[in-house]
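Reader: Hi, could we go through this structure together, slowly? I am new to this and would like to ask as we go.

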Amino acid sequence: MLTISPEKKELNMSCALCHKKKAVRVFRPFCSKRCKDVDLGNWFTGHYVIQGDAEHEKQKD
Ligand SMILES: [Zn+2]
């Protein structure tokens with residue numbers, strides 16, 4: 001189909017992950033499902049959480 005669905009409309013902001021493409025409404029603030037999944041994966045693998053825990057452990061010592 002040639003029509004672009006409203007959900008695929010680009011927003012006036014860059015993708016929060018790759019910063020290379022415009023974010024789209026349906027995956028906001030990301031440009032694609034891939035970028036959204038990568039960001040979610042970072043959370044699930046403790047990419048962000050580990051840093052917080054490390055700070056917490058230091059304070060206990
Ligand atoms: Zn992206």
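Author: Let us begin with a term: helices and strands here are DSSP runs, numbered from the N terminus, and a helix needs at least four residues. Please keep in mind that this is a predicted model.

Reader: Okay, so what follows helix 1?

Author: Helix 1 is followed by Gly 46, whose phi is positive, near 80°.

Reader: And how many residues of helix 1 are buried?

Author: The count is one among its twelve residues, so helix 1 is hardly covered, a residue being buried if 20 or more other C-beta atoms lie within 10 Å of its own.

Reader: Zooming out, what pattern does the protein chain follow?

Author: Read along the sequence, the pattern is β-β-α-α, with two strands and two helices in the protein chain. Of its 61 residues, 13% are buried.

Reader: Which residues make up the largest nonpolar core?

Author: That core has eight residues in all, namely Cys 15, Leu 17, Ala 23, Val 24, Phe 27, Phe 30, Cys 31 and Cys 35. Not counting residues up to four places away in sequence, Cys 15 touches Ala 23, Phe 30, Cys 31 and Cys 35 from that core, and also Lys 20 and Lys 21.

Reader: Where does Lys 20 lie, then?

Author: Lys 20 lies in the loop between strand 1 (10–14) and strand 2 (22–24). From Lys 20 to Cys 31 is 8.6 Å, C-alpha to C-alpha, although the two are eleven residues apart in sequence.

Reader: Does Lys 20 count as buried or exposed, and why?

Author: Lys 20 counts as exposed, because it has 9 C-beta neighbours inside 10 Å, and a residue is exposed if that number is 12 or fewer.

Conventions. Residues are numbered from 1 along each chain as its sequence is written. This is a predicted model: local features need pLDDT of at least 70, side-chain atom pairs count only at pLDDT 80 or more; totals for chains, interfaces and linings use all residues. A nonpolar core is a set of buried Ala, Val, Leu, Ile, Met, Phe, Trp, Tyr and Cys residues joined through C-beta atoms within 7 Å. Two residues are in contact if their C-beta atoms, placed from the backbone, lie within 7 Å.
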